[in-house]
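Visitor: Could you take me through one part of this protein up close? I would like to see how that part fits into the whole.

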Amino acid sequence: MFNGSPATVLGHLLNYVSVLPITLEIALAAPALALPHGDQFDRIIAATAKLHRLALITKDANTTGASVVDTVW
C-alpha cells in the first residue's frame, strides 16, 4: 500500500483525508488553549480539531489529559 516516493504516498493518502487550513480563528485560539506545554504545533492541531468540532486522534498525554478537545486513542 505504501509503495513509491513520499510524494506518491501522500498523494494517495489525500484521497482519504481533508487538509484543513490554519485560519486566523485557529491561530488566535491556539495560544489560549489550556494545554500544559507550549508546543505551538500541538496547540494549532488541537485548536483546529476544537473549532471544527472534530475528535483528535492522539495518545499524547499532554493533550488527552488537558481535556480541551475530544480525543480518541
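**A close look at helix 3**

Guide: Happily! In helix 3, the buried residues are R43, A46, A47, T48 and A49. Keep in mind as you look that this is a predicted model. The buried residues of helix 3 pack against two other elements: helix 2, residues 24-29, and strand 1, residues 56-57.

Now follow helix 3 from end to end. Helix 3 covers residues 40-51, twelve residues in total. From its first C-alpha to its last, helix 3 reaches 16 Å, close to the 16 Å expected at 1.5 Å a residue. At the N-terminal end, D39 acts as a cap: one of its side-chain oxygens lies 2.9 Å from the backbone nitrogen of F41. After helix 3 comes R53, which has a positive phi, near 55°.

Let's step back to the whole protein. Four helices and two strands make up its secondary structure, and along the sequence they follow the pattern α-α-α-β-α-β. The radius of gyration of the protein is 14 Å, well over the 11 Å that the globule rule gives for 73 residues, so the protein is more spread out than a compact globule. Along its principal axes, the C-alpha trace spans about 40 × 25 × 20 Å.

The buried residues you met in helix 3 belong to a protein in which 22% of the 73 residues count as buried. As for the outside, the accessible surface comes to about 5,500 Å², and carbon and sulfur atoms account for 62% of that surface.

Notes: Residues are numbered from 1 along each chain as its sequence is written. This is a predicted model: local features need pLDDT of at least 70, side-chain atom pairs count only at pLDDT 80 or more; totals for chains, interfaces and linings use all residues. Side-chain values use heavy atoms; hydrogens and water are left out. The expected span of a helix is 1.5 Å times one less than its number of residues. Buried means under 20% relative accessible area, exposed over 50%, partly exposed in between (1.4 Å probe, protein chains only). Contact means heavy atoms within 4.5 Å. A polar contact is a pair of N or O atoms within 3.5 Å; within protein, one must be able to donate a hydrogen and the other to accept it, and residues adjacent in sequence count only if both atoms are side-chain atoms. The radius of gyration is taken over C-alpha atoms; the globule rule is 2.2 Å times the number of residues to the power 0.38. Accessible areas come from the Shrake-Rupley method with a 1.4 Å probe; for residues, only the protein chains shown count as cover.
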